[in-house]
Amino acid sequence: MSLFQGQKRRRGSVHLYFLGDYLHAEENLTIQSMMGKFGDQKILFADVVEKVNKLFKVQERVLLLTNTAVYNLLPGKFKMQRRMDLHNITNVSLSTMADGYFVLHSNDKGGDYFLHSRRKAEIVTSLQRAMNDIGRELPLSFSDSLQISYKKSVKRVLFKECPSGM
């Protein structure tokens with residue numbers, strides 16, 4: 001609860017047992033090969049999430065968190081769309097509401113990730129631990145509106161405007 005600064009409404013979700021690898025990614029040869037190319041050694045979290053693009057279209061993705069990076073993969077084929085090094089993550093913005101929305105902010109040229117997951121608390125907790133392991137803090141900010149930087153544009157989102165069905 002201290003990580004979420006009292007902002008988490010569904011307090012019981014913080015006390016759930018965290019599995020981490022919901023896709024059995026450690027057993028997937030495609031993922032292991034990809035991780036080997038970058039020197040990643042450990043999978044901290046793997047699950048299907050919803051990525052919201054700059055047109056507010058929802059795209060299913062696999063979010064893979066390792067000891068050094070966050071990966072955006074296509075489900076099924078596990079084809080890498082983007083790799084965000086943990087050193088490039090500047091902070092995480094979260095909704096104040098009982099929902100699964102959050103933004104991973106990055107200072108690399110790829111922009112931010114606007115994501116939705118029912119396991120938001122586990123993702124943020126795992127990311128915070130990974131950042132601590134590399135000697136960095138993970139600043140969290142809570143708001144009813146978020147600013148998201150995409151490659152060539154910046155958008156501000158009010159949570160009442162979020163894509164429906166989530």
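**Helix H1**

I started with helix H1, residues 29-38, in this predicted model. I asked which residues of H1 are buried. They are Ile31, Met34 and Met35. These residues sit on the same side of H1, because they cover an arc of only 100° around the axis.

Next I looked at what lies over that buried side. The cover includes strand E1 (43-52), strand E2 (58-66), strand E3 (69-73) and strand E4 (80-85). I then turned to the face of H1 that points away from the buried side. There I found the exposed residues Leu29, Gly36 and Lys37.

I checked both ends of the helix. At the start of H1, Asn28 brings a side-chain oxygen to within 2.9 Å of the backbone nitrogen of Thr30. After H1 comes Gly39. I noted that the phi of Gly39 is positive, near 80°.

**The whole chain**

I stepped back to the protein chain and its secondary structure. I listed 2 helices and 10 strands. Read from the N terminus, their order is α-β-β-β-β-β-β-β-α-β-β-β. The chain has 166 residues, and 48% of them count as buried.

I also looked up how far along the sequence the contacts reach. I took the contacts between residues at least 6 apart in sequence. Of these, 51% join residues at least 24 apart.

**Leu65**

I picked Leu65, which is found in strand E2. Is Leu65 buried or exposed? Its relative accessible area is 3%, so I put Leu65 down as buried.

I listed the contacts of Leu65, leaving aside neighbours within four places in sequence. They are Lys42, Ile43, Leu44, Phe45, Val70, Leu86, Ser126 and Leu127. For one of them, Leu86, I noted the spacing too. Leu65 and Leu86 are 21 residues apart in sequence. In space they lie 9.3 Å apart, C-alpha to C-alpha.

**Asp99**

I went on to a charged residue, Asp99. Asp99 is in the loop between strand E5 (89-95) and strand E6 (101-106). I counted Asp99 as buried because its relative accessibility is 13%, and the cut-off for buried is under 20%.

What does the side chain of Asp99 reach? I found a polar contact of 2.9 Å with the side chain of Ser95. The Asp99 side chain also reaches the backbone nitrogen of Tyr101, at 3.3 Å.

**Cavities**

I looked for enclosed space. The structure holds 2 cavities of 30 Å³ or more. I examined the second largest cavity, which has about 40 Å³ of space. Its lining is made of Val49, Lys51, Arg61, Val62, Leu63, Tyr71, Asn72, Tyr113 and Leu115. E1, E2, E3 and strand E7 (113-116) are the elements that give two or more residues to this lining. Which element gives the most? It is E2, with 3 residues. By class I noted 6 nonpolar, 1 polar and 2 charged residues in the lining of the second largest cavity.

**Largest pocket**

I moved to open space. The largest pocket holds about 300 Å³. How many residues line the largest pocket? I recorded 14. Those nearest the centre are Lys51, Arg82, Gly110, Tyr150 and Lys151. Lys51 is also in the lining of the second largest cavity. E2 and E4 each supply at least two residues of the pocket lining. The lining of the largest pocket divides into 2 nonpolar, 5 polar and 7 charged residues.

**Second largest pocket**

I closed with the second largest pocket, at about 170 Å³. I wrote down its lining: Phe18, Leu19, Gly20, Lys42, Ile43, Leu44, Glu122, Ser126, Arg129, Ala130 and Asp133. E1 and helix H2 (120-133) each supply at least two of these residues. H2 gives the most, with 5 residues. The classes here are 5 nonpolar, 2 polar and 4 charged.

I cross-checked this lining against the contacts of Leu65. Lys42, Ile43, Leu44 and Ser126 are in contact with Leu65, and they also line the second largest pocket.

How values were computed
Residues numbered from 1 in each chain as written. Predicted model: local features only at pLDDT ≥ 70, side-chain atom pairs only at ≥ 80, totals over all residues. Heavy atoms only, no water. Buried < 20%, exposed > 50% of the residue type's maximum accessible area, 1.4 Å probe, protein only. Helix = DSSP H or I, 4+ residues; strand = E, 2+ residues; numbered from the N terminus. Arc of directions from axis to C-beta. Contact = heavy atoms within 4.5 Å. Polar contact = N/O pair within 3.5 Å; in protein donor to acceptor, adjacent residues only side chain to side chain. 1 Å grid on protein atoms, 1.4 Å probe; cavity = no way out; pocket = protein on both sides within 12 Å on 5 of 7 lines; lining within 4 Å. Points joined across faces, edges and corners; volume = space filled by probe spheres on them.
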